[in-house]
Amino acid sequence: MPPLRTIGLWLALVAASAAVAFGLTAAQFPAALLLGPMIAAIAFGVGGSHLTVPRPAFLAAQAMIGCLVAHAVTGQIAQTLFEDGPLIVAVVLVTVAVSGLVGWMLTRLRILPGTTAAWGSSPGGASAMVAMAEDFGADPRLVAFMQYVRVAAVVFSASLAARFLMSAAPPGAGAGAGDASAASSVVATLLVAVVGAVVALKLRVPAGAQIGPMVLGSVLHATGLVRMALPVTILELAYACIGWYVGLRFTRETLRLTVTALPGILTATFAVIALCAGWGFLLTLLLPIDLLTAILATSPGGLDSVAIIAVGSQADVSFVLAVQTLRLFVVLLTGPLLAKWISRSVPGGAAS
């Protein structure tokens with residue numbers, strides 16, 4: 001059993017998360033049940049609570065988000081990929097190139113120590129970047145901090161964009177989960193979550209706990225073989241778990257190590273977000289999509305949080321997730337190679 005102090009801290013975190021989420025809901029922010037817990041968790045993490053979200057709980061939350069996304073995906077996503085495939089690939093490549101350019105500039109200008117910017121500016125693949133960063137002269141703690149600052153900044157900026165670009169109030173927490181609440185539909189959805197996550201993790205698919213149920217559920221739901229349904233309570237817990245997982249990564253010790261590099265980290269993070277948003281605006285001139293869809297599609301990660309915001313807003317979920325999923329795989333394949341190239345192209349970079 002956890003000590004009483006830990007139980008008390010978790011109860012306090014839940015209460016604080018509920019209070020912040022209530023305020024954000026009243027202000028008509030989408031994904032308030034993600035934002036509220038994340039904001040509260042950042043405060044608790046920096047305050048020295050030393051709380052952590054168990055990995056099984058985080059994987060379960062990702063699987064639930066995968067099922068939520070699967071319910072929102074229809075047969076139109078295949079048509080989207082077929083019709084706009086080349087442009088979707090171009091969107092992904094531009095996002096990766098923009099992140100690489102920012103990393104190269106910050107490394108070249110020595111705004112961050114060593115080659116930290118080369119690895120930390122990657123729009124995804126955080127674990128792979130952190131694992132390889134130390135071998136190429138970068139501080140893995142700074143890289144990890146930079147990656148999670150990016151995730152938090154994307155959540156905040158995407159939520160703000162959704163808040164002010166939506167013409168009506170966002171749907172509730174259960175929006176997108178389906179109207180079906182029959183026990184058979186819920187059981188079928190949970191089976192999809194378990195089977196999809198286990199198979200994808202066994203195959204070592206990146207973000208497999210979410211992508212496995214998302215792919216399996218999308219196929220079954222779009223073909224009418226399974227009717228997806230998730231109770232609102234389960235979705236709320238999944239939202240909160242994702243928010244806590246990201247927020248609790250911000251600890252007092254990490255801030256102490258990164259205080260001098262924080263301006264550079266923020267510069268890199270918001271430069272990538274701003275450039276990707278600019279590319280998103282250009283997309284609205286090339287495709288018949290709205291600005292909110294374009295911004296969410298081009299935002300530099302992460303997949304789970306962007307999925308929650310897309311489903312809870314008026315964005316084209318199929319297009320957003322098609323771009324975001326493809327981007328994740330491209331980043332994992334090209335990110336380490338790009339970071340290595342940046343490290344070696346800068347004078348003294350590989351030996352920093």
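# Exercises on helix packing

The axes of helix H8 (residues 183-202) and helix H9 (residues 208-222) cross at roughly 125° and come within 7 Å. The model is predicted. Work through the tasks below with the structure in view.

**Exercise 1.** Classify the angle between H8 and H9.

*Solution.*
- Step 1. Take the angle: the two axes cross at roughly 125°.
- Step 2. Recall the cut-offs. Angles of 65 to 115 degrees count as roughly perpendicular, and those over 145 as roughly antiparallel.
- Step 3. The angle fits neither class, so H8 is oblique to H9.
- Step 4. Add the hand: H8 and H9 make a right-handed crossing.

**Exercise 2.** List the residues that H8 and H9 bring into contact, then sort them by class.

*Solution.*
- Step 1. Start with H8. Its side of the contact holds Val192, Ala193, Val195, Gly196, Ala197, Ala200 and Leu201.
- Step 2. Go on to H9. Here the partners are Gly208, Ala209, Gly212, Pro213, Leu216, Gly217 and Leu220.
- Step 3. Sort them. Ten residues of the contact between H8 and H9 are nonpolar, four are polar and no residue is charged.

**Exercise 3.** Describe how helix H7 (residues 140-165) packs against helix H12 (residues 262-286).

*Solution.*
- Step 1. Give the geometry. The axes of H7 and H12 lie 10 Å apart, at an angle of about 45°.
- Step 2. Classify it. Angles under 35 degrees would be roughly parallel. This pair falls outside that class, so H7 is oblique to H12.
- Step 3. Name the hand. H7 crosses H12 in a right-handed way.
- Step 4. Find the residues. H7 supplies Leu142, Phe145, Met146, Val149, Arg150, Ala153, Val154 and Ser157. H12 supplies Leu262, Ile265, Leu266, Ala268, Thr269, Phe270 and Ile273.
- Step 5. Sort by class. The contact of H7 with H12 has twelve nonpolar residues, two polar and one charged.

**Exercise 4.** Is helix H14 (residues 303-311) mostly covered or mostly exposed?

*Solution.*
- Step 1. Count. Nine of the nine residues in H14 are buried.
- Step 2. Name them. They are Leu303, Asp304, Ser305, Val306, Ala307, Ile308, Ile309, Ala310 and Val311.
- Step 3. Conclude. H14 is mostly covered.

**Exercise 5.** Summarise the protein chain as a whole.

*Solution.*
- Step 1. Count the elements. The chain has 15 helices and zero strands.
- Step 2. Check burial. Of its 352 residues, 52% are buried.
- Step 3. Look at contacts between residues at least 6 apart in sequence. Among these, 79% join residues at least 24 apart.
- Step 4. Turn to the surface. The accessible surface of the chain is about 15,100 Å², and carbon and sulfur atoms account for 71% of that surface.

Notes. Residues numbered from 1 in each chain as written. Predicted model: local features only at pLDDT ≥ 70, side-chain atom pairs only at ≥ 80, totals over all residues. Heavy atoms only, no water. Axes fitted to C-alpha atoms, helices over the stretch in contact; angles between N-to-C directions. Helix = DSSP H or I, 4+ residues; strand = E, 2+ residues; numbered from the N terminus. Left-handed = near helix turned anticlockwise from the far one by under 90°. Contact = heavy atoms within 4.5 Å. Nonpolar A, V, L, I, M, F, W, Y, C, P; charged D, E, K, R; others polar. Buried < 20%, exposed > 50% of the residue type's maximum accessible area, 1.4 Å probe, protein only. Areas by Shrake-Rupley, 256 points an atom, 1.4 Å probe, with all protein chains shown as cover.
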